[in-house]
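Here are some worked exercises on helix packing and sheet pairing. Please look over the sequence and the model first, then try each task before reading its solution.

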Amino acid sequence: MDEETAPVVELIFQLCVEGNGPGKIARMLKEREIPTPGTIEFQRTGRTSRYYPDDPCRWNPATVLSILEQDTYLGRTTNFKTTKLSYKSKKAIINPPDKRAVFENTHEAIIDRETWEIVQKNREQRRRPTKLGEMGLFSGLAYCADCGAKLYHHRTVTFTKEQESYTCANYRSRKQCTAHYIRAVVLEQLVLQNLQRVVAYAQDDEDEFVRCVMENKTAVQKTEREQARRKLEKQEWRISELDRIIQQLYEDRVAGALSVERFTRLSEGYEKEQADLKQSAEELRGVVAEAEAQTVNVQNFLKIVKKYTEPTELTPALLREFVEKVVVHAPDKSSGHRTQRIDVHYNFIGEVDFSPEFSRYSKTTTA
């Protein structure tokens, strides 16, 4: 471990956990006057290829992104990350994960696996700031319960904090869904309440919490796996049926029962359908295999729980350490009062279904 640069790597990952993107992290590192890798290289070796003497702390967002993507900080070595089409080509092609060789525990880790996974999830949920240059607390995390689209942060210069809101992207752009409007302060309050219940549940009765999470996740995985398997069986049957149909077409064409034009039109249609089905079937096989192999890492979640006593404020770091996504339902006014349900899905464990014995914590969240 490089004792000089390891704290910088830890800082970069922590800033990303808090919801900052590479560009903002680069600016924050410069503001803190932290030397770049190129500057450190110059100080150690005298090489000037990445050294800017007039600005030794000028971090490039691409450098930050490269650090966030290096799994070597997990204490492992990955070989065959890239390949080339031939020995004559200089262009490197990125290999898919299944063609790489990974060796665990080859050196001391700088980043723990929980932090790594949260950072990679944050990188997948790339977010855009508002026109005011601000980033919504739930940007990239809030989703519509009905259409699955992201909820966009709505903020203007004349809005107070209490007026900021989130609305469904499909409603804003194409009016293909309802607004699912929810004020930002209300969403923050509801998520914090849910998080407080979950943390208290895990701290008060860890064994019961683990049992509850495992049972709930197993049931969800079983449902998803069965749905995918049934759909896969139908598609595989149709692929086999299309083989028979295409074979019959060839026989009819040879026998003169079909014209060349009709044979070409029919065979092209069936072959396209079969190709699409084969691609879909391959994706479904992946879903089935993933559901069967997936395990719930409750211990990773409990490690995060033990870092906190009782959350009293929903900070960006706290939110992204705990929460995978928040699903917002349409408001319900049938009772004469506006109520709105949210489902909070947590990192590593998914949505928590509170047991009946834990009666002081209500599962339904309304506002």
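**Exercise 1. Which residue stands opposite Tyr152 in E7? Place the pair in its sheet.**

Step 1. Tyr152 faces Thr167 of E7. The labels come from DSSP runs numbered from the N terminus, with helices (H or I) of at least four residues and strands (E) of at least two.

Step 2. E6 and strand E7 (residues 165-168) are joined by four bridges in the antiparallel sense; strands count as paired if DSSP finds at least two bridges between them.

Step 3. The order E6-E7-E8 describes an open sheet of three strands with antiparallel pairing. At its edges are strand E6 (151-154) and strand E8 (182-183), each pairing on one side only.

A note on the source: this is a predicted model, in which local features need pLDDT of at least 70 and side-chain atom pairs count only at pLDDT 80 or more, while totals for chains, interfaces and linings use all residues. Residues are numbered from 1 along each chain as its sequence is written, and side-chain values use heavy atoms, leaving out hydrogens and water.

**Exercise 2. Find the order of the open sheet of four strands, and say what lies across E9 and E10.**

Step 1. The order is E5-E9-E10-E11, and the pairing is mixed. Strand E5 (142-144) and strand E11 (350-351) each have a single partner strand, so one side of each has no neighbour in the sheet.

Step 2. Strand E10 (residues 342-346) and E11 run antiparallel and are joined by two bridges. Here His345 is opposite Glu351 of E11.

Step 3. Helix H7 (residues 184-204) lies across strand E9 (323-328) and E10, at about 50 degrees to E10. Axes are lines fitted to C-alpha atoms, for helices over the stretch in contact, and angles run from 0 to 180 degrees between N-to-C directions.

**Exercise 3. Describe how H7 packs on H10.**

Step 1. The axes of H7 and helix H10 (residues 298-305) are 10 Å apart, and the packing angle is about 105 degrees. That makes H7 roughly perpendicular to H10; the cut-offs are under 35 degrees for roughly parallel, over 145 for roughly antiparallel, 65 to 115 for roughly perpendicular, and oblique for the rest.

Step 2. Val198, Val199, Ala202 and Gln203 of H7 meet Phe301, Leu302 and Val305 of H10, where contact means heavy atoms within 4.5 Å.

Step 3. By class, this contact of H7 with H10 has six nonpolar, one polar and no charged residues. Ala, Val, Leu, Ile, Met, Phe, Trp, Tyr, Cys and Pro count as nonpolar, Asp, Glu, Lys and Arg as charged, and the others, Gly among them, as polar.

**Exercise 4. Work out how H1 packs on H5 and on H2.**

Step 1. The axes of helix H1 (residues 6-17) and helix H5 (residues 113-124) come within 9 Å and cross at roughly 55 degrees, which means that H1 is oblique to H5. Phe13, Cys16 and Val17 of H1 make the contact with Thr115, Trp116, Ile118, Val119, Asn122 and Arg123 of H5. Its classes are six nonpolar, two polar and one charged.

Step 2. H1 and helix H2 (residues 22-31) have axes 10 Å apart and an angle of about 130 degrees, so H1 is oblique to H2 as well. The contact joins Leu11, Ile12, Leu15 and Cys16 of H1 to Ile25, Met28 and Leu29 of H2. Its residues comprise seven nonpolar, no polar and no charged.
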